[in-house]
Amino acid sequence: MSDVSQPAAHPPVTDWVNDFDHTDPQWTDDPFPIWEELRAASPVVHTERFLGCYMPTTYEAVREIANDTEHFSSRRIIVRNVRPEIARNAAPPITSDPPVHKPAKQLLLPPFTPDAMKKLEPRMRAICNELIDGFIADGKVDAAARYSKYIPVQAIAHMLGIPESDSDLFINWIHMILELGIKDENMLLQAVQEMSDYFRGHIEERRSKPTDDLISYLMNARDRDGQPLEESHVLGSLRLLLIAGIDTTWSAIGSSLWHLARTPVDRERLIAEPELIPTAVEELLRAYSPVTMAREVVKDTTVSGCPVKAGNMVLLSFPAANRDPKMFPDADKVVIDRRENRHAAFGLGIHRCVGSNLARMEMQVALEEWLKRIPDFRLDPAGTVTWSQGTVRGPRQLPFLLGKAM
Amino acid sequence: MAERLKVRVDPDKCQGHARCKALAPELFELDEYGNAHAAGDGTVPPGLEDKAWLAKSNCPEIAIDVVEE
């Protein structure tokens with residue numbers, strides 16, 4: 001039976017160095033040896049696919065591009081088959097370049113500081129425990145479908161002030177935008193339209209009844225001239241917060257649990273030394289970074305000595321940068337107590353993820369609560385682990401057996 | 001006698017990853033946007049030298065300097 005939820009296939013890749021494709025099933029399944037091959041070939045590789053696209057393969061080349069907003073624009077941030085028209089206020093600030101980027105970013109930062117996240121932490125612990133209550137007695141669980149998925153959805157729904165019970169709606173839009181939308185523009189436009197309509201309804205409700213949440217916060221925000229934001233800006237930022245906050249952290253929590261299921265020695269150490277969990281979270285973020293961004297080359301330049309031509313996209317793989325052995329000794333090993341870790345999982349430069357403090361808090365709480373209640377678990381040999389395709393990588397099916405192995 | 005250390009954050013480089021605040025909360029403060037600066041005049045009290053170096057070596061933007069005075 002064909003699976004309609006999977007994007008259409010591209011021709012298979014036979015020459016990774018000259019014809020890479022981040023939607024290829026081999027990349028989705030195990031990208032790490034591919035990145036190693038590309039890195040050995042050149043700091044920057046190119047493919048004719050996606051109407052022309054580069055990929056920096058080293059940490060240094062990724063840093064150069066992330067810090068160069070003159071030659072590399074964020075007006076397009078997903079590598080797709082097509083180049084949909086650039087929408088005004090698509091999703092500020094992630095789709096903004098200087099000088100409009102900074103005020104749009106500063107608007108979103110105060111609700112996401114570490115102190116603001118501390119206030120949300122008790123609610124997150126409760127959410128994690130409610131989810132665990134739902135399956136702990138079963139002896140087995142798909143941890144991606146029933147645990148890691150719902151933690152970030154419920155967190156961002158809580159912050160935005162929209163019903164947590166709409167979670168499956170949000171998850172479907174994200175699938176349409178980030179996975180199906182790579183190859184099907186109509187899918188992308190439909191999801192954007194539906195999300196905008198959804199948020200317009202919530203904005204309308206708040207006009208008569210203001211609330212204490214991020215939607216009201218953005219509605220009441222003023223720009224530098226004291227004017228309210230354009231509606232398209234408010235909607236764009238709301239779409240961004242919903243999209244960016246969900247399958248990213250879903251993936252990060254899922255990959256972390258996947259690692260711990262297969263690595264009893266790390267699991268036992270974190271149970272014995274829970275104070276090590278924040279350090280472990282950073283290492284798991286490095287080794288299994290979920291998010292690959294993109295830029296569009298707007299002026300010819302060179303990166304790590306390689307010429308780069310305007311009109312191409314750039315696949316800005318923070319995950320590949322984080323596996324560069326020149327930057328990280330034993331880059332392909334998870335060193336759960338790694339002390340020096342300048343990983344780029346949340347990006348580098350002005351587009352550093354606005355939700356990084358939220359994501360870190362969610363990961364830490366999700367692992368702490370899981371390990372307290374489920375110290376023993378392993379992959380279910382009768383099930384299959386599957387990974388999402390494209391822009392955000394993480395387990396979408398994660399079948400576990402709970403309890404000690406017999 | 002050991003040299004006294006001072007930490008400094010380059011405000012043009014800091015992007016608010018907040019790793020320094022997590023690793024060395026005594027030595028750094030965050031502003032309302034979550035961007036970091038040194039606590040007080042940046043002087044590292046005795047016993048916290050390791051934390052200063054740890055913060056420096058975990059800053060993704062290479063925004064932190066530790067200087068000996």
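Reader: Hi! I'm new to this one. In the hairpin of β1(A) and β2(A), which residue takes a positive phi?
Author: Welcome! That is Phe50(A), with a positive phi near 60°. The hairpin has five residues between its strands. Keep in mind that this is a predicted model.

Reader: Thanks! How do β1(A) and β2(A) pair, and over how many bridges?
Author: They pair in the antiparallel sense, over four bridges. β2(A) covers residues 53-56.

Reader: Which residue is the bridge partner of Val45(A)?
Author: Met55(A), which sits in β2(A). In addition, Val44(A) stands opposite Pro56(A) of that strand.

Reader: And the faces of β2(A), are they covered or not?
Author: Both are covered. Cys53(A) and Met55(A) lie on one side, Tyr54(A) and Pro56(A) on the other, and all of them are buried.

Reader: Nice. What does β2(A) do with β8(A)?
Author: Those two strands run parallel and are paired over two bridges. Tyr54(A) stands opposite Val314(A), a residue of β8(A).

Reader: So what sheet do these strands belong to, and in which order do they come?
Author: It is an open sheet of five strands in chain A, ordered β1-β2-β8-β5-β3, with mixed pairing. At the edges are β1 (44-47) and β3 (72-73) of chain A, each of which pairs on one side only.

Reader: Which helix packs on the sheet?
Author: Helix α3 of chain A, residues 59-66. This helix touches β1, β2, β3, β5 (292-297) and β8 (313-317) of chain A. The direction of α3 makes about 125° with that of β8(A).

Reader: Let's switch to helices. At what angle do α7(A) and α8(A) cross?
Author: At roughly 105°, with their axes coming within 10 Å. That makes α7(A) roughly perpendicular to α8(A). Helix α7(A) spans residues 150-160 and α8(A) spans 167-179.

Reader: Which residues meet there?
Author: From α7(A) there are Tyr150(A), Val153(A), Gln154(A) and Ala157(A). They meet Ser167(A), Phe170(A) and Ile171(A) of α8(A). By class, this contact has five nonpolar and two polar residues, with no charged ones.

Reader: Back to strands for a second. What does β12(A) pair with?
Author: One partner is β4(A), residues 140-142, which is antiparallel to β12(A) (399-402) over three bridges. Here Val141(A) has Phe400(A) as its bridge partner. Another is β9(A), residues 377-379, also joined to β12(A) by three bridges and running antiparallel. In that pair, Arg378(A) is matched with Leu401(A).

Reader: Now chain B. How many helices and strands does it have?
Author: Two helices and four strands. Starting at the N terminus, the elements run β-α-β-β-α-β.

Reader: How compact is chain B?
Author: As compact as a globular protein of that length, because its radius of gyration is 11 Å, close to the 11 Å that the globule rule gives for 69 residues. Along the principal axes, the C-alpha atoms of chain B fill a box of roughly 40 × 20 × 20 Å. Of the 69 residues, 38% count as buried.

Reader: Last topic! How many residues does each chain bring to the contact?
Author: Chain A brings 20 residues and chain B brings 16. On the chain B side, α1 (19-23) and α2 (49-58) each supply at least two residues. The largest share, three residues, comes from α2(B).

Reader: And what's the mix by class on that side of chain B?
Author: Seven nonpolar, six polar and three charged residues.

Terms used
Residues numbered from 1 in each chain as written. Chains lettered and ligands numbered in written order. Predicted model: local features only at pLDDT ≥ 70, side-chain atom pairs only at ≥ 80, totals over all residues. Pairing = 2+ DSSP bridges. Contact = placed C-beta atoms within 7 Å. Axes fitted to C-alpha atoms, helices over the stretch in contact; angles between N-to-C directions. Nonpolar A, V, L, I, M, F, W, Y, C, P; charged D, E, K, R; others polar. Parallel < 35°, antiparallel > 145°, perpendicular 65-115°, else oblique. Rg over C-alpha atoms; globule rule 2.2 N^0.38 Å. Buried ≥ 20, exposed ≤ 12 C-beta atoms within 10 Å, placed from the backbone.
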